[in-house]
Amino acid sequence: MENIKPEIGLLRFTTAGSVDDGKSTLIGRLLYDSKSIFEDQLDNITETSKRKGNDEVDLSLLTDGLRAEREQGITIDVAYRYFSTPNRKFIIADTPGHIQYTRNMVTGASTADVAVILIDARNGVIEQSIRHTFIASLLDMKHIIFCVNKMDLVDFSQARFDEINKEIRELLEKVGAKNIHIIPISAKFGDNVVDKSENLKWFNGSTLLNLLETVRIADDYNSKYARFPVQYVIRPQSDDYHDFRGYAGRLAGGKIFVGDKITVLPSMLTSKIKSIEDFGNERYDAKSGDSITICLEDDIDISRGNMIVPSENLPDLAKEFNVMLCWFNEKPLQIKSKYILRHSTNEVKSILSEVNTKLNINTLEEDTDKKEIKMNDIANVTIKVASPIFIDDYKLNHVSGSIILIDEATNETVAAGMVVK
Amino acid sequence: MSDFKINTNHLKLLEDEAIFIMREIAAQFEKPALLFSGGKDSIVLVHLARKAFWPAKIPFPLMHIDTGHNFDETIEFRDNLAKEFGCELIVKYVQDSINQGKAIEEKGVNASRNKLQTVTLLDAIEDEKLDCAIGGGRRDEEKARAKERFFSHRDDFGQWDPKNQRPELWNIFNGRKNMGEHFRAFPISNWTELDVWQYIMYEKIKLPSLYYTHKRKVFERDGTWLAWAPFMELKPTETVQNLDVRCRTIGDITCTGVTLSTANTLDEIVAEIAASRITERGGRADDKRSEAAMEDRKKEGYF
């Protein structure tokens, strides 16, 4: 796998929309117009559409995977879809807009670079659009693309698009997000999805697919921000590799070079990178996202859950810190209760010591009267951990800045949090 | 997709992700096993596992759930691969489950042991005290699989509850479980069929020759070419012909479709897949049984 060009050949995006915004239709359209739908899949949904009495092929049937979803015509859970163009491979995290919206959208966005938010041209920015935009911003998407859909139902009116454009800009003043794009489309008829629309000639921007193919998502690979959570210690104890001791993991942020001075956390011991191993290939460097094995100059006791970082830039060693917490479980958050906290490859016991502010994500205003945190709520909370963990602000590093909470009794993942300073 | 250029940058990212998952499995579970069918996806899994733990050996065994209805070459390939890479190999036979009365052989022309594998697999997980079975399932294969997690929880009956799955965020995987429960893990969830083939080509991974063109006795059923074997019942209208074919997937012989093809190199196969207009599971008789066939099998504990 050498000689691979550094530019990103893979884009992960998440889609968000309210019920009936035409999200499934949009995805179906992207797959269909980029010729990523296969004949047997098309035959299957054509037949199902006919059986349901629809004249046109219902492209939304492509994304509804479970029986209950097809029966009820809803999307229950995050579904992943794939398509490629000659320029990029795409992974879509398709998240439902109605039930458990926060949980699903946060989950879908956590692995995405770009969020595509649908807005119905007839309705403009509504409560749910605020919610979707806020979550996309909270999860620190590199780009947010607003698709003003169903332009066919407002006669492809430029005046209507301009109004919605203004509503979106007003919303963004409150939310704050980087790299915004706004496109008028009709998913049902394909306008500006893959092909440039004849009906929307007044719009000079890119089509949705063209934008997805060209948006820049590459890291700047600054070595100062390297974080290496140790996943697994490799000790072959074979004749050929008798003294080999390698630390396996995936570099999270930045870049490292052989010879770099490093510090091991939490022990604070220092060493230098002796070699970077990659299945017998000798490497001199590794960049964010690479799964590698590191060998050090000195024999230090290191195990899973430790983190190797550049000595010139250490993360915070914290016993108490604040996160923006998204609550996922039917059982509400219990203040002063203990939860298992996972942070990269590390696991510690934790206590939720205080709810600082609870946000009403429909109005983006602080909810002052009640501090009970239920499913799909988002709040700024203080967490205390049994032993210190090494954190960065989420906006600086998504790996060292994110945590999940696990219920000790049920083992369920009950919450996700982003470190804020 | 006629102008399909091969885009390989993404293969490196998919590989990094799959290796990360392999290492999480080894770190979080006490006794995982890699489900090995002899098909290309499980061969790719073995390759990724070797890379993940190099220069150490793969720290878990390979396990084959053998329906007894195999292509001979698959078995030979399996044994050689395990020997070459020093992997422990566990083989469990569907025939044993049938003999013990736990599984009942299907009857009729479409009889297959594919579904019976679930019984043998769940018994094997219990007998071997496995807490994680690593599979080559991919989300692009089938719509129920599109909802699957990397770390997929199974209750103490081995069942999947698709409507109540644990959310998976960033790259934090929660493999915690209670006694008797286990996980299925899918390191190549995000790969497509074309990704798998391009990766095989890039990494020069050895495959059974069944994947390349060869003469074989085949017959057509419901628009799909099936490999003929002596124990298969034919309908009166079906005739066996000797044609140039290659396997697009390899599994139990009774439900593995073959493609009419003269592709003899990986380049030719990749070009053929890129131009193909039918999904690989389109050739699998087991998925044609009903719209929710895969979902139902998965809930019961299928791969």
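Start with chain B, which holds eight helices and 10 strands. Helices here are DSSP runs of H or I with at least four residues, strands are runs of E with at least two, and both are numbered from the N terminus. This is a predicted model, in which local features need pLDDT of at least 70 and side-chain atom pairs count only at pLDDT 80 or more, while totals for chains, interfaces and linings use all residues. Residues are numbered from 1 along each chain as its sequence is written, and chains are lettered from A and ligands numbered from 1 in the order in which they are written.

**Chain B as a whole**

Colour chain B by burial. Of its 303 residues, 53% are buried. A residue is buried if 20 or more other C-beta atoms lie within 10 Å of its own, exposed if 12 or fewer, and partly exposed in between, with C-beta atoms placed from the backbone. Among the contacts in chain B with a separation of 6 or more, 76% join residues 24 or more positions apart. Two residues are in contact if their C-beta atoms, placed from the backbone, lie within 7 Å.

Next, split chain B into its domains: domain 1 covers 9–195 + 291–300, and domain 2 covers 208–288. The bounds come from an automatic or database domain assignment. The C-alpha centres of these two domains of chain B are 23 Å apart.

**Helices α1 and α2 of chain B**

Select residues 9–28 and 40–53 of chain B, which are helices α1 and α2; their axes come within 9 Å and cross at roughly 75°. α1(B) is therefore roughly perpendicular to α2(B). Angles of 65 to 115 degrees count as roughly perpendicular, under 35 as roughly parallel, over 145 as roughly antiparallel and the rest as oblique. The axes are lines fitted to C-alpha atoms, for helices over the stretch in contact, and the angles run from 0 to 180 degrees between N-to-C directions.

Show the side chains where the helices meet. From α1(B) come B:Glu15, B:Ala18, B:Ile19, B:Met22 and B:Arg23, and opposite them in α2(B) are B:Leu48, B:Ala49, B:Lys51 and B:Ala52. This contact is made of six nonpolar, no polar and three charged residues. Ala, Val, Leu, Ile, Met, Phe, Trp, Tyr, Cys and Pro count as nonpolar, Asp, Glu, Lys and Arg as charged, and the others, Gly among them, as polar.

Then move to B:Pro55, in the loop between α2 and β2 (62–66) of chain B. The peptide bond that joins B:Trp54 to B:Pro55 is cis, with omega near 0°.

**Where chain B touches chain A**

Display both chains. The contact involves 52 residues of chain B and 58 residues of chain A. On the chain B side, α1 and α2 each supply at least two residues, and α1(B) gives the most, with 12 residues. The side of chain B that touches chain A has 21 nonpolar, 12 polar and 19 charged residues.

**Chain A: domains**

Chain A is divided into domain 1 (10–214), domain 2 (223–310) and domain 3 (316–420). The C-alpha centres of domain 1 and domain 3 of chain A are separated by 30 Å. Their contact takes 14 residues from domain 1 and 13 residues from domain 3. On the domain 1 side, α4 (101–110), α5 (127–138) and α6 of chain A each contribute at least two residues.

**Chain A: single residues**

Most residues other than glycine have a negative phi, and most peptide bonds are trans. Three stops in chain A are worth a look against that background.

- A:Asn179 has a positive phi of about 50°. A:Asn179 sits in the loop between α6 (158–175) and β6 (180–184) of chain A.
- A:Gln237 also has a positive phi, near 50°. A:Gln237 is in the loop between β8 (232–234) and β9 (246–250) of chain A, and counts as exposed because 10 C-beta neighbours lie inside 10 Å.
- A:Pro266 follows A:Leu265 through a cis peptide bond, with omega near 5°. A:Pro266 lies in the loop between β11 (261–265) and β12 (269–278) of chain A.

**Last stop: confidence**

Colour chain A by pLDDT, the predictor's confidence in each residue, from 0 to 100. Chain A averages 87, and 90% of the residues score at least 70. Over residues 1–6 of chain A the pLDDT is below 50. Where pLDDT is low, the predicted coordinates should not be read in detail.
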